[in-house]
Amino acid sequence: MLAIRGLVKRYGRSPVPAVDGLDLEVGAGEIFGFLGPNGAGKTTTIKVVVGILRPDAGQVTIDGRPAVPSTPEVRRLIGYVPDTPELWPRLRGSEYLAFLADVYQIPPEERMDRAWPLVEALELVDAIDSLISSYSHGMRQKLALVGALMVRPHLLVLDEPLVGLDPRSSYVVKELLREHTRRGGTVFFSTHILDVAERLCDRVGIIHKGRLVASGTLDEMRALHARGHETLEAIFLEVTRASLTVPEGSDGRR
Ligand SMILES: Nc1ncnc2c1ncn2[C@@H]1O[C@H](COP(=O)(O)OP(=O)(O)OP(=O)(O)O)[C@@H](O)[C@H]1O
């Protein structure tokens, strides 16, 4: 459903690509967790997948359709929640959802049925007629998720969806992601929260310096990389070890 082949993305004239020959596939009905240290290339990959950035090389397909260049047809297949949703602050939550429903041509008689259960589940009922400028970061994330799910995408792409959410909201979001895949949808999300990835994802991939350094189910990752380690955290530390090495003398001593 999502296939990334040989993806390369470089910013400006930087000699080091942010994403450097990335290959991965995520199937229908799968939750895929995209992990990696800060600056590894997760957000860059996500922005290419959703059509915000153009790659320098490689292909991305969604349901077999090229995602680059991004077309309205392929964008309809994608629901996207960025790490810091830039929603229009002068709109009310309800106006934002109505706007999305117009853009995605959701039939008027379906709009409430699609949006309201999500608004209720994410406890936005009291805020939905307030201006988005009054929303907290977590409320903006939840509203963006309502919008992304309301359009019933095939592929849901989320950049750090659980950061800043309270425990109940975090639980509900995880349930909504599971529900999305039970209906045959696909979830591709980045996270730093390894125990969430461990419990929620069917498969994970670890990107390091723009390259995929490990991927698979947790059992596959253990078999390949664990050397007796059991947790995803241990595997993460193992495969990204180079970035954790403290240069000799960097603490002022030798
Ligand atoms: N707009 C930009 N201009 C120049 N370089 C950028 C830009 N955005 C990201 N980069 C660089 O590209 C590399 C990958 O960044 P990216 O944001 O994709 O990483 P990430 O894995 O999402 O990191 P984090 O976990 O910290 O969010 C980093 O070296 C970063 O400095």
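1. Let me start with helix α5, as it caught my eye. Of its 14 residues, 12 are buried, so the rest of the structure largely encloses this helix. Bear in mind throughout that this is a predicted model. The buried set in α5 is Met139, Arg140, Gln141, Lys142, Leu143, Ala144, Leu145, Val146, Gly147, Ala148, Leu149 and Met150. Note that Arg140 and Lys142 are on that list alongside residues such as Leu143 and Val146.

2. What sits over α5? The cover on its buried residues includes two strands, β6 (78–81) and β7 (155–159), along with the helices α3 (93–103), α4 (108–121) and α6 (167–182).

3. The geometry of α5 checks out. The helix covers residues 137–150, and at 1.5 Å a residue its 14 residues should span 20 Å; the end C-alpha atoms are 20 Å apart, so the two agree. After α5 comes Arg152, which has a positive phi, near 50 degrees.

4. On to the domains. The domain assignment splits the protein into domain 1, built from 1–77 + 155–166 + 184–244, and domain 2, which is 86–152. Between the C-alpha centres of domain 1 and domain 2 there are 27 Å. Each side brings a handful of residues to the contact: 6 from domain 1 and 6 from domain 2. On the domain 1 side, the residues touching domain 2 break down as 3 nonpolar, 1 polar and 2 charged.

5. Next, the sheet. It is an open one with 4 strands in the order β2-β1-β4-β5, and the pairing is antiparallel. The edges are β2 (19–26) and β5 (65–66); each has a single partner strand, so one side of each is left without a neighbour in the sheet. As a reminder, strands of a sheet pair through backbone hydrogen bonds, either parallel or antiparallel.

6. Strand β1 (residues 2–9) is worth tracing by its bridges. It is joined to β2 by 6 bridges, antiparallel, and to β4 by 5 bridges, again antiparallel. If you want to check the register on screen, look at Lys9, which stands opposite Val19 in β2. Leu2 has Val26 as its bridge partner in β2, while in β4 the bridge partner of Leu2 is Ile62.

7. That brings up Ile62, which lies in strand β4 (residues 57–62). Is Ile62 buried or exposed? Ile62 counts as buried, because 24 other C-beta atoms lie within 10 Å and the cut-off for buried is 20 or more. Setting aside neighbours within four places in sequence, Ile62 contacts Met1, Leu2, Ala67, Val74, Leu77, Ile78 and Leu155. For one of these, Val74, the separation from Ile62 is 12 residues in sequence and 7.3 Å in space, C-alpha to C-alpha.

8. Glu238 makes a useful contrast. Its place is in helix α9 (residues 232–239). With 17 other C-beta atoms within 10 Å, Glu238 comes out as partly exposed. Its C-alpha atom is 7.6 Å from that of His225, and the two residues are 13 apart along the chain.

9. Last, the ligand site. Around the ligand you will find Tyr11, Ala18, Gly36, Asn38, Gly39, Ala40, Gly41, Lys42, Thr43 and Thr44. Sorted by class, this shell has 3 nonpolar, 6 polar and 1 charged residues. Lys42 is in the shell, as are Thr43 and Thr44.

Notes. Residues numbered from 1 in each chain as written. Predicted model: local features only at pLDDT ≥ 70, side-chain atom pairs only at ≥ 80, totals over all residues. Domains from an automatic or database assignment. Contact = placed C-beta atoms within 7 Å. Nonpolar A, V, L, I, M, F, W, Y, C, P; charged D, E, K, R; others polar. Near = placed C-beta within 6 Å. Expected span 1.5 Å × (residues − 1). Pairing = 2+ DSSP bridges.
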